[in-house]
Amino acid sequence: MAEYLPKFIPGQAITLTASAKIVGGQLVEVSGAGTVGVAGADSAKVVGVAGVDAASGERLTVYCGGVQRLAAAGAITAGAAVYAADNGQIQASGNNKIGIALSAAGKQGDLVDVAI
């Protein structure tokens with residue numbers, strides 16, 4: 001996925017610098033002052049969703065809040081709380097909730113609408 005656009009935009013987008021390679025549509029977390037990296041499992045530092053692919057050192061748009069389409073790391077039911085998973089995906093378990101699933105996923109890689 002070379003480019004990503006959120007399903008609904010609440011007017012919140014910020015520009016940050018990638019601290020590692022990021023693919024558009026991945027959850028990103030704060031990795032330092034003004035930088036983000038791909039979110040890890042159950043991250044408490046998730047700031048949003050990468051808007052484009054970016055190499056380390058490149059600037060990118062990060063979409064915060066709203067309804068985002070995110071890749072599932074496994075099965076997720078509509079209405080379930082969702083959490084960051086490895087590789088910037090989402091999962092149905094954890095301690096640091098990032099949103100609520102508005103649609104379902106049956107397997108890894110399925111896209112889920114998430115209210116963040």
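**Exercise 1. Find the residue in E10 that Ile100 stands opposite.**

Step 1. Look along E10, one of the strands (E, DSSP runs of at least two residues, numbered from the N terminus). Opposite Ile100 you will find Ala115.

Step 2. Now zoom out to the strands: E9 and E10 are antiparallel, with two bridges between them. Pairing here requires that DSSP finds at least two bridges between two strands.

Step 3. Turn to E6 (residues 67-71), which pairs with E10 over five bridges, again in the antiparallel sense. Here Ala71 has Leu111 as its bridge partner in E10.

A word on the model before you go on: this is a predicted model, in which local features need pLDDT of at least 70 and side-chain atom pairs count only at pLDDT 80 or more, while totals for chains, interfaces and linings use all residues. Residues are numbered from 1 along each chain as its sequence is written, and side-chain values use heavy atoms, with hydrogens and water left out.

**Exercise 2. Work out which strands pair with E5 (residues 59-63), E1 and E4 being the ones to examine.**

Step 1. Begin with E1 (residues 13-18): five bridges join E1 to E5, and the two run antiparallel. Within this pair, Thr15 is matched with Thr61.

Step 2. Move on to E4 (residues 46-50), which is joined to E5 in the antiparallel sense by two bridges. Val49 has Tyr63 as its partner.

**Exercise 3. Describe the surroundings of Asp110.**

Step 1. Place the residue: Asp110 sits in the loop between strand E9 (97-101) and strand E10 (111-115).

Step 2. Search for a salt bridge (a side-chain nitrogen of Lys or Arg within 4 Å of a carboxyl oxygen of Asp or Glu). The whole structure yields one, and Asp110 and Lys107 form a salt bridge through their side chains at 2.7 Å, N to O.

Step 3. Check the accessibility of the lysine: Lys107 is exposed, at 52% relative accessible area. (Exposed means over 50%, buried under 20%, partly exposed in between, with a 1.4 Å probe and protein chains only.)

Step 4. List the contacts (heavy atoms within 4.5 Å). Leaving aside residues up to four places away in sequence, Asp110 touches Leu70, Ala71, Ala72 and Ala105.

**Exercise 4. Name residues that touch the most other members of the largest nonpolar core.**

Step 1. Recall that such a core is a set of buried Ala, Val, Leu, Ile, Met, Phe, Trp, Tyr and Cys residues joined through side-chain atoms within 4.5 Å.

Step 2. Of its 17 residues, those touching the most other members include Leu27, Leu70, Ile90 and Val112. Strand E7 (81-84), E9 and E10 each supply at least two residues of this core.

Key:
Helix = DSSP H or I, 4+ residues; strand = E, 2+ residues; numbered from the N terminus.
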